[in-house]
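Q: I am new to this structure and should be grateful for a close look at a single part of it. Please take the aromatic residues and the core around them.

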Amino acid sequence: MSDRTYGPEEKDKLTRLVNEGATVLQEIEDLNAGLKDTVKAVAEELDMKPSLITKAIKIAQRLAVFSVTSYRLHIAHYYCELSEDRHRTQHFQEAKHYLHKAQSLDRHCVRAYLLEAKSAFRAQDYTVSIRAYERVMEEDPNYVTEILNDMAFCYEQCGHQEAFTQYLQ
């Protein structure tokens, strides 16, 4: 064993590193659990053996090592898929959890903010919905026609029609 002692800064840094590692490990476990369910569903839909799809995924993972493409967006979209699935089965807290994972993985994932806005809208949490719709607009203003009516309704429900007019200017 080493005789080295660590100062408070080094201990904090090591603690953060271990915590980040634990978080990544948990995310990997969550992805693997979701992947099994997804593989099963896709296999049933395509009338294929799940082992064939699993093999294709493993090959893709090996090829990804040699790719310069970032897979953060793809994984974020996968979390969005899991969120939508959980929402359909009325597991709203799990759905919200997966949306936050998607957003933390790729803070530019418009799909995650759209899903958050729509979920909050259905729950009549118009303040959260407005914040998510505004984030969509920041990331990609091309979605304006898709969200404008709901966004206006949210501002109206919060009694902030004037703020909405100012926001549009």
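Which residues do ring pairs link into a cluster?

A: The model discussed here is predicted. In it, Phe121, Tyr126 and Phe153 are linked into a cluster by ring pairs. The count of aromatic pairs comes to six. One of them joins Tyr155 and Phe164 in a tilted arrangement, with 5.0 Å from centre to centre and 40 degrees between the planes. Tyr155 counts as buried because its relative accessibility is 6%, under the cut-off of 20%. Phe164, at 10% relative accessibility, counts as buried for the corresponding reason.

Tyr155 also leads to the nonpolar core. The largest nonpolar core has 15 residues, and those that touch the most other members are Leu114, Tyr133, Val136, Ile147, Met151, Cys154 and Tyr155. At least two residues of this core come from each of H5, helix H6 (126-139) and helix H7 (144-157). The greatest share is that of H6, which gives six residues.

Met151 deserves a separate word. Leaving aside residues up to four places away in sequence, Met151 touches Tyr133, Glu134, Met137, Phe164 and Tyr167. Phe164 is thus a contact of Met151 as well as the partner of Tyr155 in the tilted pair.

Apart from the largest nonpolar core lies another core, of 13 residues, which includes Tyr78, Leu99, Cys109 and Leu115.

Terms used. Residues are numbered from 1 along each chain as its sequence is written. This is a predicted model: local features need pLDDT of at least 70, side-chain atom pairs count only at pLDDT 80 or more; totals for chains, interfaces and linings use all residues. Side-chain values use heavy atoms; hydrogens and water are left out. Rings of Phe, Tyr and Trp (its six-membered ring) pair if their centres lie within 6.5 Å; planes under 30 degrees apart count as stacked, over 60 as edge-to-face and the rest as tilted. Buried means under 20% relative accessible area, exposed over 50%, partly exposed in between (1.4 Å probe, protein chains only). A nonpolar core is a set of buried Ala, Val, Leu, Ile, Met, Phe, Trp, Tyr and Cys residues joined through side-chain atoms within 4.5 Å. Helices (H or I, at least four residues) and strands (E, at least two) are DSSP runs, numbered from the N terminus. Contact means heavy atoms within 4.5 Å.
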